[in-house]
Structure formats: C-alpha cells, structure tokens
Amino acid sequence: MTDALVSDELAQKFATEKDSPYVRWVHDEGLDIIAAHYVPDLHTVELKAWPRRGGAGVFINHEATRTSNDCYVCEIPAGGKLAPQRQLFEEMILVLDGHGSTAVWNDQGQEQTFEWGPGSIFAIPLNAWHQHFNGAGTRPARFVSSTNLPPVLNLYDDVDFVFGTPHDFLHRFAGEADYFADKDEHDGLLLKTNFVADAVNLPLIHARERGAGGGHIRFSMAKGSMNSHISEFPVATYKKGHRHGPGAHVIMLTGTGYSLMWPEGEEPRRYDWQPGSLIVPPNMWFHQHFNTGSVPARYLAFKHEGVSIRNAQGVPKAWISRRIGGDQIDYVDESSVVRETFVSALAANGLAPAMDAAYAAELVDLPPEPEGRTTG
C-alpha cells in the first residue's frame, strides 16, 4: 500500500501549512482529534473533559476532512446539561445513547424545545442559541455530530467572531412552532424535515441505482449546506462501490458486516463494523459496504455538499456508472476479490450470497463498456 510518504526534511518544509486555526482551536479546547477513517464503536470511544461545554468529547476526522467538515462525539453528564452556545456554522446531530431535550432560541426571544432519544437526528439552525439537556439522572447521554466549522474557522481565524456574533438568520429559524416536528414531506428522495425521531425505523425509498435492492432517504436540514442520507441493504447483499470527495462520516445504525476502501489502482482495506461503528472514506477513495449479518444493514452518512461531485443534471457522480464517466463501479466490473471476500465472510456466518437478482437487474440497462478501458 502506497501512502505517498516523503522524507522528514520535505515534510518539515510544509509543517506550518499543516497547522490551521481549526486544529489549534480543538487543542485549545483540551480535546483530541482522532485522525482515523475507522472507529470501531462510537458508543465506547474514549472522551476527554470539555470544560467550556460542561461535558466530554473527542473529535474524529481524517486529515482530508478538516478543510470541509468535521465530526465529534459529545457526552452530557447524568442529570446534567451542556452550556448554551451559538455558532456561525452548521451542525447535524445523531443521538447515540440516552434521552433528553434541546432548546433552540434567537436574540428576538423566539424559542422551541424538543425531546430526543437514541436514533434521533436533528440540525442546529445557523447561529441560533441552543442548549442540550440530559433527561436521565443516572446515566450520561451521548451524541455524534458533524459540522462545517473547519472552513469557517479557517477563513475568519477568530473564535470570538465564530461563537459570539449577535445576528439572527430569520430565514433559517424564526421560532416556527413546527420547526422540529417529525414531518413526512418528500421531494423525490429528499425528506423535508429538521427532526427525525427514530432513524433506525424511518421508512426509506427504493433506490435500485445503488444496487442490492436497498432503500435510501436524503436530508438537508435547517436550510443549510450540510446534508446527509440513510441507506439500507438486505441480508447477504452489498452496495456498489463508489467514490466521492472528502467529508462523509458513515455511521452504522443496524446490522453487522464490513466495508472495503481503497484508492484507485490499489488493493482494498477491510473494516469490520457493527451498530455504532464509524467509517470515514478518504478523498476519492472507492468504498463498498457488505452485509454479512442476520438483519438488514442501515447506515447514516453525514456530509457537506462539497463531497457530492455532480453531473450537469445535478445527479451525484457517485450514483453514475464509471462506464459513462461517473464514479460508481458496476457489479459486472468489480474486482474478483470483492465477490471472493464476500462469499468467504458469509460462509463464516453460515450464509450464502443473495446477489443474483441484483446482478441480473443491472444488466437490463448497463451502459456498454468504453473501448480500451479496464474497470474494477
């Protein structure tokens, strides 16, 4: 595996440029950044005290994501609350453990409070005041969040400005009574809501384009540029391999299995997952998810829009066959290693692949392979 590492002498010439206002801010908060593209379990990942917020936390992001968006895990003490905060950046949250509530308000005094539990997803409106409360007096509550703080802080390099500017973005949040209602309004694959009560059991829409007969739903919450989606695929199946820009944080919600990730031209690396595992695909690395368990596998991906490289029609290239210039690998073009690894992993659990229907469905409208190009 080639990681393009160079001599210490050359690396030292760029050491200052590797640093950033964002990285310095995280360290000033007393927290660590886990520079990984895989965390086995967000429920148990080690946290440090976060005095300013009144809880505990850790940041998790691969180095390539620190210019687009980030991810952090935060814990609210039993019977406790986090300090109020406003911020000139967007944030999307998935509750991992516990029950509680969040209050959101602006400088005009317009306020909404809503309750949440494990599997709830919601977004913080831009620069709105907010505060999280743990509803249980005996155990902590824990959530994972993705924000677009890195480019904002790196641009302004002013912590007081980012966290202390008094301005209400009323077109984003004006205290609407149903702002955090659990809505069921759709526009194509997009679910138009700012709150999902239970991501694990949320109904999905069939999306054959991703393969394996799975379901899909997309979110763009709080009128922001952050976006996310949930995908699910059946037992003994797997999704098509694809690639995109940096910043996707893939959180497993149900099922057991593994993901393969690799840069073009190199061998795949394997990462086994369970509910609570986090996968962070590096910039333009192919990745592919495989269900080897006994229940459907479902995941939530937090992203920044910059991760979605689109064609002229607005379709993400990660949904489009490489045969016509996209970034998705058709089943017929995948490496033999993919199927061999999957068969072996299923056999270890007493299962056999259930992929014949997906392979056949792809052939109905499969684009012809370009002349002189090898795929896989």
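These are my notebook entries on the overall build of the chain and on one of its strands, β11.

**Overall build.** I began by noting that the model is a predicted one, and I then looked up the secondary structure, where I found 7 helices and 23 strands in the chain. For the extent of the chain I read that its C-alpha atoms fill a box of roughly 60 × 55 × 45 Å along the principal axes. I also checked the radius of gyration, which is 21 Å and therefore agrees with the value near 21 Å that a compact globule of 376 residues would have.

**Contacts, surface and charges.** Of the contacts between residues at least 6 apart in sequence, I noted that 72% join residues at least 24 apart. Buried residues account for 54% of the 376 in the chain, while the accessible surface comes to about 16300 Å², with 53% of that belonging to carbon and sulfur atoms. I looked up the charges as well, and the mean positions of the 31 positive and 47 negative ones lie 2 Å apart.

**Strand β11.** How many residues of β11 (residues 141-147) are buried? I counted 7 of its 7. In a regular strand the side chains alternate between the two faces of the sheet. On one side of β11 I found A141, F143, S145 and T147, and on the other R142, V144 and S146, with both faces covered.

**Neighbours of β11.** I then followed the pairing, and strand β5 (residues 70-76) runs antiparallel to β11 over 7 bridges, with D70 having T147 as its bridge partner. Strand β6 (residues 91-97) is likewise antiparallel to β11, joined to it by 6 bridges, and here M92 is partnered by S146.

Methods: Residues are numbered from 1 along each chain as its sequence is written. This is a predicted model: local features need pLDDT of at least 70, side-chain atom pairs count only at pLDDT 80 or more; totals for chains, interfaces and linings use all residues. Side-chain values use heavy atoms; hydrogens and water are left out. Helices (H or I, at least four residues) and strands (E, at least two) are DSSP runs, numbered from the N terminus. The radius of gyration is taken over C-alpha atoms; the globule rule is 2.2 Å times the number of residues to the power 0.38. Buried means under 20% relative accessible area, exposed over 50%, partly exposed in between (1.4 Å probe, protein chains only). Contact means heavy atoms within 4.5 Å. Accessible areas come from the Shrake-Rupley method with a 1.4 Å probe; for residues, only the protein chains shown count as cover. Lys and Arg count as positive and Asp and Glu as negative; His and the chain ends are not counted. The place of a charge is taken as NZ of Lys, CZ of Arg, CG of Asp or CD of Glu. Two strands pair if DSSP finds at least two bridges between them.
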